Amino acid sequence: MLDVVALLENLPEPGLYRGQEGTVVDEYDAEFVEVEFSDLQNRTYALEALGKSQLMILHHSPLA
């Protein structure tokens, strides 16, 4: 929960493209999560259920 992730593929139907960042807001099971995509003013522009294989977790500090 609350991991920052990036899309690994284009999803044209909801208007999402490879590299866009989002935040995991719910975990459905071992394979699927709900991701919220927000703009710089913190307004949500997409909320999508995605497979973990479609995402890359971003790290903003050194990994131990």
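Student: How many helices and strands does the protein chain have, and how do you know what counts as one?

Tutor: The protein chain has zero helices and five strands. Both are DSSP runs, numbered from the N terminus: helices are H or I with at least four residues, strands are E with at least two. From the N terminus, the order is β-β-β-β-β. This is a predicted model, where local features need pLDDT of at least 70, side-chain atom pairs count only at pLDDT 80 or more, and totals for chains, interfaces and linings use all residues. Residues are numbered from 1 along each chain as its sequence is written, and side-chain values use heavy atoms, with hydrogens and water left out.

Student: What makes the protein chain as compact as a globular protein of its length?

Tutor: Its radius of gyration, taken over C-alpha atoms, is 12 Å. The globule rule is 2.2 Å times the number of residues to the power 0.38. For 64 residues the rule gives 11 Å, and 12 Å is close to that, so the protein chain is as compact as a globular protein of that length. Along the principal axes, the C-alpha trace spans about 35 × 30 × 20 Å.

Student: In what order do the strands form the sheet, and what makes two strands a pair?

Tutor: The open sheet has the order S4-S3-S2-S1-S5, with antiparallel pairing. Two strands pair if DSSP finds at least two bridges between them. Seven bridges join S3 (residues 32–38) to S4, so the pair meets the requirement of at least two. One of the bridge partners in S4 is threonine 44, matched with serine 38.

Student: Why are strands S4 and S5 said to stand at the edges?

Tutor: S4 (44–51) and S5 (55–57) each have a single partner strand, so one side of each is left without a neighbour in the sheet.

Student: Why is the pair of phenylalanine 37 and tyrosine 45 called tilted?

Tutor: Rings of Phe, Tyr and Trp (its six-membered ring) pair if their centres lie within 6.5 Å. Here the centres are 6.4 Å apart, and the planes make 40 degrees. Planes under 30 degrees apart count as stacked, over 60 as edge-to-face, and the rest as tilted, so 40 degrees is tilted. A search of the whole structure finds one aromatic pair.

Student: Are phenylalanine 37 and tyrosine 45 buried, partly exposed or exposed, and how do you know?

Tutor: Buried means under 20% relative accessible area, exposed over 50%, and partly exposed in between (1.4 Å probe, protein chains only). Phenylalanine 37 is at 0%, so it counts as buried. Tyrosine 45 is at 40%, so it is partly exposed. Buried residues make up 25% of the 64 residues in the protein chain.
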